[in-house]
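I set aside some time for this structure and kept notes as I went. Here are the entries, in the order I wrote them.

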Amino acid sequence: MDRIKKFLLLKSDYFIPGWLILFKDLLLVLFALAAAYTLRYNFQLPDHLLQGMYSNMVSLTAITLVVHYACGLNKSIIRHTSLNDVILIFKANFIVTCLLILLNILEFYFHIPVFRIPHSVIIIFFILSTVIVILTRFAVRLFYYWLKSGGEVTRVLIYGAGSAGIITKNVLHADLSCITRVAGFVDNNPGKIGKTIEGIYVYSTGVLNPKFLKDHGIKQIIMAIHNIDQEKRRDLVEEVLRLTNLQVKEVPPVDNWINGQLSLKQINPVKISELLQRSEIKLRNEHVSRQIEGKRILVTGAAGSIGSELVRQLFRFRPAKLIVIDQGETPMFHLENGLKDYSAASPSPEMKAVMEGMEFIIANIGDPVTMEQIFAEQRPHVVFHAAAYKHVPMMERNPFEAVRVNIFGTKTLADLAAKYHCEKFVMISTDKAVNPTNVMGATKRAAEIYIQSLNKLLHSMNAESGLLPVTEFITTRFGNVLGSNGSVIPVFEKQIKAGGPVTVTHPDITRYFMTIPEACQLVLEAGALGNGGEILMFDMGKPVKIAELARNMIRLSGLVPEKDIKIVYTGLRPGEKLYEELLYDRETGQKTHHPKIFIAQTSTYPFEDVMNYLSVIQEIAKDRLDSMNLVARIKDLIPEFLSNNSIYEELDRRA
C-alpha cells in the first residue's frame, strides 16, 4: 500500500486537463438523467420512454457542454474544491435544469421535435446531478488528502473565536499541503466558551497550561484577534508565550490579505520587532509639510539606520532639494539605488524631480573645510543632523574619535548653520546623554549643551540688534530603535539560529525601544514644533527587560529557554548602565501640542563657559595621547557624567 501511495503521490503533480473535467462532468450529468428516469418509473422503463431518454441525452449533452464551459467548471482544480466551487456547480446545474424546462415549454407551445421530459424527472435530475458532481469532486479532494496525510499532523489552538479565527480555521483545513488540524478555539468571551463553532470546541483561556497542551498534543498557537490595541496585543502574546512555551503565530491585519483573501503563507510566527511596536502615533504632517516643502534640506549620517529612513520620509514632503551626507560609500550607494527605485515607482512628477535634484555627498562631518564648502554651495534651509558615533563600548575604547565627531563635528555643523542663516538645525541625540555613564553619552550631552548655548547666544544678540531671524537649534532625544545597525535583536536572532547560547549582559538590564519610522517622525515633528533651544523627548512607553526579550525571542522560535537555548549573562560592558533615562533627575517634562512629545526643561550654560571647556577638550584631543585627561575634562563640563564599568571610574574616585 505504501508503494502505491508513494507512486500516486509522485503522479499528483499532474493536473487533470480542462477538457477531461468537462467530459467527466458530462458523463455524470447523463448518468443523473438516466437515474432520474429509472427512479421515477420504479426501475421499469418501456421502450418509448427509453427512446425518449436517449433523445433527451442528445439535447442535454449540448446544453451541459455549453453551460459548464461558460461557468468555468472545467477550470477548477478538483483536489482544491471549495465552497465557491460548490456554489458554481449548483448554479450551472440550475441553469441546465431551467433550459430543460424551457425545452418542454417550446415543445408544448411550438411543437418542436423534442421528447418532452416529465417535470418530476427534471426535479429528480437536478438533485441527483448536483449531488453527484459535488460528491465526486470532494471524493477526489479526500483522496488527495489521504495521499498527503503520511506526515505528522500539527495540532494547533486558535486564540480568538471571532470572524478572523473562523477564517483562519477554514484556511488551515482547506490547504491539504499543510497537515495542520485545529484542536480548538481559545476565547475569553463567556458567551462562546463551552460551545462549538463549525464543529470546533471553544475553550477558556484557562487551558493555556502545560498539562492541557501536552495532553492534547498542541504544538502551536495562532493569534487571530483583530481590532486590538498594540499594547494589549503585546501583553497578550507575552502572556501566551510565558504560559505555554509554544511557538506563537499570528494572522495579519485584513488590510494585508491578498485580494481580500487570507493565505496560509501569511500566517507566520510573531516577530519580536512587531511585538515591541506600540500603537501607531499620529503626527501632524501639515506642520512638517510647511517646514519642508519647497526648501533645501541637508541630512547628515544619511545612509545610517535613522538617516536613511529620515531621507525617505522627507521625500514625501517634496523639498526643493535634498542634500545627503555620509562617510560610508557602500551604504550611500544602496540608499541612492533604493531612492531611484522608489521615485521610479511613484506616479508623482514632484517625486521624480526631487530625485533628479538630489546630492549624494561622501564626506566626514569632522572635516571643517569640506563642510564649509558644502554649506557655501548648497545653502540649506534646514539641517537634520543624524551623523554620530553611537556604539557605547566602541567609543569607550576610542574617546578621541567620539570627541572629534560627536562634539566637534556637531559644533562645526552648528556654526555653519548659523553662519549661512539656516532656518532650523535639528540634532538627533540619545537617552544615553541623560546622566551619562559612558563616553558616547557624554559626548552627545556635550553636543546638546553646545547647541543650546549657541541658540541662546544668537537669539539674545538678535534681540538686541534687531537683525534677520537666526537659526533655531533643536534637539530630539529618544532610546533604542528596532532594526538599527548594532541592535540587540538581530544579534539574538543570529545566536538562536546557531543553537545558542544567547548572551545578555545583565539579568536586570532594561532598555526603551521604538521603531525607526517612529523615531524619524519625531525628528520631523521636532523640526516643525521647536522654536529653538528645546530638547524634545518622545514618550517611549514601558522599558523592556532585555533578559525577558531574549526569552520571548527563544519562545517565538518554538524553543524553550534554558532547555533548548541557554541564556548566558556576560556582565555589563564598558560604559553600560542597567537603566536608561530620558530626563535628568532635575528635569521635568513640559507638554506640547502632541501627547507623546515633551520638552525637557534643562538649564542652559553660558556660551563663554562652554567655549572655555571645549577649547581645553579640543587642545587635549589634538595630541590623541592622554585619553584619561580628555575624559576628565569632559567630566568638568558635565558633572553628572559618572563612568560605569569603565577604566574612567578612577576619575570619579579621585573627585
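**Entry 1: salt bridges**

I began with lysine 411 and found that it forms a salt bridge with aspartate 415, the closest N and O atoms being 2.9 Å apart. My criterion for a salt bridge is a side-chain nitrogen of Lys or Arg within 4 Å of a carboxyl oxygen of Asp or Glu. Both lysine 411 and aspartate 415 lie in helix H16 (residues 399-419), 4 residues apart, which is about one turn of the helix. I take helices (H or I, at least four residues) and strands (E, at least two) as DSSP runs, numbered from the N terminus.

A note on the source: this is a predicted model, in which local features need pLDDT of at least 70 and side-chain atom pairs count only at pLDDT 80 or more, while totals for chains, interfaces and linings use all residues. Residues are numbered from 1 along each chain as its sequence is written, and side-chain values use heavy atoms, with hydrogens and water left out.

Next I looked up burial, where buried means under 20% relative accessible area, exposed over 50%, and partly exposed in between (1.4 Å probe, protein chains only). Lysine 411 counts as buried because its relative accessibility is 16%. Aspartate 415 has a relative accessible area of 26%, so I list it as partly exposed.

How many salt bridges does the rule give? The count comes to 24.

I then picked arginine 137, which forms a salt bridge with aspartate 25, and the closest N and O atoms are 2.9 Å apart. Arginine 137 lies in helix H5 and aspartate 25 in helix H2 (residues 18-40), so this pair ties together parts that are 112 residues apart in sequence. Are the two partners buried or exposed? Arginine 137 is buried, with a relative accessible area of 0%, and aspartate 25 counts as buried at 0% relative accessibility.

Another entry here is glutamate 576 with arginine 511, whose side chains meet in a salt bridge (3.7 Å, N to O). That pair links distant parts of the chain: glutamate 576 is in the loop between strand S20 (567-569) and strand S21 (589-591), and arginine 511 is in strand S16 (residues 510-511), 65 residues apart. Glutamate 576 is buried with a relative accessible area of 8%, and arginine 511 is buried with 7%. I also noted that salt bridges sharing partners join Lys24, Asp25 and Arg137 into one network.

**Entry 2: aromatic pairs**

I searched the whole structure and got 8 aromatic pairs. Rings of Phe, Tyr and Trp (its six-membered ring) pair if their centres lie within 6.5 Å; planes under 30 degrees apart count as stacked, over 60 as edge-to-face and the rest as tilted.

One of them is phenylalanine 90 with phenylalanine 126, edge-to-face at 5.4 Å centre to centre and 70° between the planes. Phenylalanine 90 lies in helix H4 and phenylalanine 126 in helix H5 (residues 119-148), so the pair ties together parts 36 residues apart in sequence. Phenylalanine 90 is partly exposed, with a relative accessible area of 45%, whereas phenylalanine 126 is buried at 17%.

I also pulled up tyrosine 450 and phenylalanine 607, a tilted pair with 5.8 Å centre to centre and 45° between the planes. Tyrosine 450 is in helix H17 (residues 439-465) and phenylalanine 607 in helix H21 (residues 607-623), 157 residues apart. Both tyrosine 450 and phenylalanine 607 are buried.

Back in the first group, Phe90, Phe94 and Phe126 form one aromatic cluster.

**Entry 3: charges over rings**

I counted a charge as over a ring if NZ of Lys or CZ of Arg is within 6 Å of the ring centre and within 35 degrees of the ring normal. The charged end of arginine 40 sits over the ring of tyrosine 41, 4.7 Å from its centre. Lysine 635 lies over the face of phenylalanine 641, at 3.8 Å from the ring centre.

**Entry 4: a sheet**

I traced an open sheet of 7 strands in the order S3-S4-S2-S1-S5-S6-S7, with mixed pairing. Two strands pair if DSSP finds at least two bridges between them. Strand S3 (196-197) and strand S7 (268-269) stand at the edges, each with a single partner strand, so one side of each is left without a neighbour in the sheet. Strand S2 (residues 180-186) and strand S4 (residues 200-203) pair in the parallel sense over 2 bridges. The bridge partner of valine 186 in S4 is tyrosine 203.
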